[in-house]
Amino acid sequence: MIIGVPKEVKDHESRVGITPAGVKALVEAGHKVLVEQKAGVLSAMPDDEYQNAGAEIVASAHDVWRLADMVVKVKEPVETEYRHFREGLVLFTYLHLAPLEALTNALLEKKVTGIAYETVRDRAGALPLLTPMSEVAGRLSVQVGAEYLTKEHGGRGLLLGGVPGVPPANVCIIGGGVVGTNAAKIALGMGAKVTLVDLNLNRLRELDDIFNGRVFTMASNSYNIERAAIEADLLIGGVLIPGAAAPKIVTAAMVNKMKKGAVIVDVAIDQGGCIETAHPTTHSNPSYEVNGVVHYCVTNMPAAVPNTSTLALTNATFPYVMKLAKLGAKAAIKEDKGIAEGVNTYDGVLTYAAVAAAQKREWKNVSELVS
């Protein structure tokens, strides 16, 4: 198989889909890898490392897309990349289609097999390709939040951990999954007072044990969330429904009652955000204010630390890349239920129920199309 690795073009997206180590393994397995010039430079992976590993460096994105049987990326294609789509192309990347009707239309129209990192499942039913970036984003959300709490960024002028005689900031984390757990680790490490809100009482019990009672746990309901939001200096949204649009857990009315200069970091913004006042931003223009509350809603937060993020992501994605390359997409989808869960579009048909529900479209299970 010919595998293509284009340079990411989303604003300040500095990760890359395959590392030189991955290239070496693919080439040793008999595959050909085309890497766009400077695709890995911002992740501290220069062209000569790819060449030494056996990749062919290609000057233009057009040629990578045109010649590849499968394109491996990090972020969902932006509008300028839609022209590269063609029938039979396999695209393996984060897609986050629920809020992106134009991208969904383009994939369906060109009959691209779109396999989304965020909906691939492992044998335990977990989301192995979403986990590493959720870990990075969760940890980064607190670093970013601490920075935006400074007066220079429009925040309340708080030091997250306080100092002797001055209390620490209140951090409220909505969602006790991978993002929330990693955010809580960093917030506690920086000395903040941390409240974690989740629907699942068993998960709250687990978190109470994990953090030895140092995190305040709270059952999720509108009353508790409003109270927590009002008290919060930093509010982190980390709610996920796999493949679906994120529910609006924190309403605009709740945001209006928050402290002036408080900060919101909505990590769920890739799926539309779980804060009603949140809308996607970029690393070039990352924040805005609503009623004096600073919102940071960058859709590709882990790109701020691309070397760490690329290595963490490709550790998880590479076994799937290798399997797709070895078997071909159709056979891999038939054989591996986890890969089949990742298929969002196939041969012009939408194949993921949560995306179909978000966009009010018809869908079919991919198993019906590959049988």
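A residue counts as buried when its relative accessible area is under 20%. The model treated here is predicted.

**Exercise 1. Burial and surface**

Find what share of the chain is buried, and what share of its surface belongs to carbon and sulfur atoms.

Solution.
- Step 1: apply the cut-off of under 20%. Of the 371 residues, 54% count as buried.
- Step 2: turn to the surface. The accessible area of the chain is about 15,500 Å². Carbon and sulfur atoms hold 52% of that area.

**Exercise 2. Overall dimensions**

Compare the radius of gyration of the chain with that of a compact globule.

Solution.
- Step 1: take the expected value. A compact globule with 371 residues would have a radius of gyration near 21 Å.
- Step 2: take the value for the chain. The chain has 21 Å, which agrees.
- Step 3: add the box. The C-alpha atoms fill roughly 65 × 45 × 35 Å along the principal axes.
- Step 4: add the contents. The chain has 14 helices and 15 strands.
- Step 5: look at contacts with a separation of 6 or more. Residues 24 or more positions apart account for 62% of them.

**Exercise 3. Cysteines**

Explain why cysteine 172 and cysteine 274 form no disulfide with their closest cysteine sulfurs.

Solution.
- Step 1: set the cut-off. A disulfide needs two cysteine sulfur atoms within 2.5 Å.
- Step 2: test cysteine 172. Its closest cysteine sulfur, in cysteine 274, is 10 Å away, so the gap is too far for a bond.
- Step 3: test cysteine 274. Its closest cysteine sulfur lies in cysteine 297, 9.4 Å away, again too far for a bond.
- Step 4: check burial. Cysteine 172 is buried at 2% relative accessible area, and cysteine 274 is buried at 0%.
- Step 5: conclude. The structure holds 0 disulfides.

How values were computed
Residues are numbered from 1 along each chain as its sequence is written. This is a predicted model: local features need pLDDT of at least 70, side-chain atom pairs count only at pLDDT 80 or more; totals for chains, interfaces and linings use all residues. Side-chain values use heavy atoms; hydrogens and water are left out. Helices (H or I, at least four residues) and strands (E, at least two) are DSSP runs, numbered from the N terminus. The radius of gyration is taken over C-alpha atoms; the globule rule is 2.2 Å times the number of residues to the power 0.38. Buried means under 20% relative accessible area, exposed over 50%, partly exposed in between (1.4 Å probe, protein chains only). Contact means heavy atoms within 4.5 Å. Accessible areas come from the Shrake-Rupley method with a 1.4 Å probe; for residues, only the protein chains shown count as cover.
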